[in-house]
Amino acid sequence: MLKYLLIAVVVVWLLYSPFLRKARQLKRKQRPAATTATTGPAQPPQVEDMVACAHCGVHLPASEACRDTAGRAYCSAAHRDAGPSSH
Ligand SMILES: [Zn+2]
């Protein structure tokens with residue numbers, strides 16, 4: 001009677017062990033996928049055109065520059081009113 005019980009245990013173990021191995025492999029595969037999903041792709045830095053102030057020569061982003069009627073870029077309204085430097 002004990003023989004059959006041992007055979008039954010071995011047969012059950014052989015049937016279930018491949019499924020257990022597959023389940024373990026799936027768990028191992030899911031872990032790296034979850035970690036990579038949290039870290040998104042690195043976004044490239046935003047590149048903006050730089051312009052030089054026509055009065056003092058300081059560089060600033062084109063979107064922050066003050067423009068006069070001629071289209072020259074200035075760092076501030078005060079330098080725009082002062083106009084381009086003579087030298
Ligand atoms: Zn300036």
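**A zinc site, two salt bridges and a nonpolar patch**

Hi everyone, let's start with a pair of side chains: those of Asp-81 and Arg-80 meet in a salt bridge, at 3.9 Å from N to O. By salt bridge I mean a side-chain nitrogen of Lys or Arg within 4 Å of a carboxyl oxygen of Asp or Glu. Before we go on, please keep in mind that this is a predicted model, where local features need pLDDT of at least 70 and side-chain atom pairs count only at pLDDT 80 or more, while totals for chains, interfaces and linings use all residues. Residues are numbered from 1 along each chain as its sequence is written, and side-chain values use heavy atoms, with hydrogens and water left out.

How exposed are these two partners? Asp-81 counts as exposed because its relative accessibility is 62%, whereas Arg-80 is partly exposed, at 33%. The cut-offs are these: buried is under 20% relative accessible area, exposed is over 50%, and partly exposed is in between, with a 1.4 Å probe and protein chains only.

Now let's step back to the whole chain. The protein has two helices and four strands, and along the sequence they follow the pattern α-β-β-β-β-α. Helices here are DSSP runs of H or I with at least four residues, strands are runs of E with at least two, and both are numbered from the N terminus. What share of the 87 residues counts as buried? It is 11%.

Next, the metal. Which residues hold the zinc ion? Cys-53, Cys-56 and Cys-75 each coordinate the zinc ion through SG, and His-79 does so through ND1, at 1.9 to 2.3 Å. To count as a donor, an N, O or S atom must be within 2.8 Å of the metal (3.2 Å for Na, K and Ca); water is not among the atoms, so sites may look incomplete. The zinc site is tetrahedral, with angles of 97 to 117 degrees among its four donor atoms. Four donors get that label if all angles lie between 85 and 135 degrees; they would be square planar, or six donors octahedral, if opposite donors were over 155 degrees apart and all others between 65 and 115, and anything else is irregular. For reference, the ideal angle for four tetrahedral donors is 109.5 degrees.

In sequence, the zinc donors are spaced C-x2-C-x18-C-x3-H. Distant parts of the chain are linked here: Cys-53 is in the loop between β1 (50-52) and β2 (59-61), and His-79 is in helix α2 (residues 77-82), 26 residues away. Cys-53 is buried, at 4% relative accessibility, while His-79 is partly exposed, at 22%.

Let's return to charged side chains, since the count comes to two salt bridges. The other pair is Asp-68 with Arg-72, at 3.3 Å from N to O. Asp-68 sits in the loop between β3 (66-67) and β4 (73-74) and counts as buried, because its relative accessible area is 17%. Its partner Arg-72 is partly exposed, at 38%.

What else does the side chain of Asp-68 contact? It makes a polar contact with the side chain of Tyr-74 at 3.2 Å, and one of its polar atoms lies 2.9 Å from the backbone nitrogen of Gly-71. A polar contact is a pair of N or O atoms within 3.5 Å; within protein, one must be able to donate a hydrogen and the other to accept it, and residues adjacent in sequence count only if both atoms are side-chain atoms. Asp-68 and Asp-81 are 13 residues apart in sequence and 8.3 Å apart in space, C-alpha to C-alpha. Thr-69 is in the loop between β3 and β4 too, and Thr-69 is exposed, at 91%.

Last stop: helix α1, residues 2-38, where we find Ser-17. Ser-17 is buried, at 11%, and its side chain reaches the backbone oxygen of Leu-14 at 3.4 Å. Phe-19 is in helix α1 as well, but Phe-19 is exposed, at 57%. Phe-19 belongs to a nonpolar surface patch with Tyr-4, Ile-7, Val-11, Val-12, Leu-15 and Tyr-16, which together have about 790 Å² of accessible area. Patch residues have over 30% relative accessible area and no salt bridge; like charges are joined within 9 Å, and nonpolar side chains (Val, Leu, Ile, Met, Phe, Trp, Tyr) within 5 Å. Accessible areas come from the Shrake-Rupley method with a 1.4 Å probe, and for residues only the protein chains shown count as cover. Thanks for listening!
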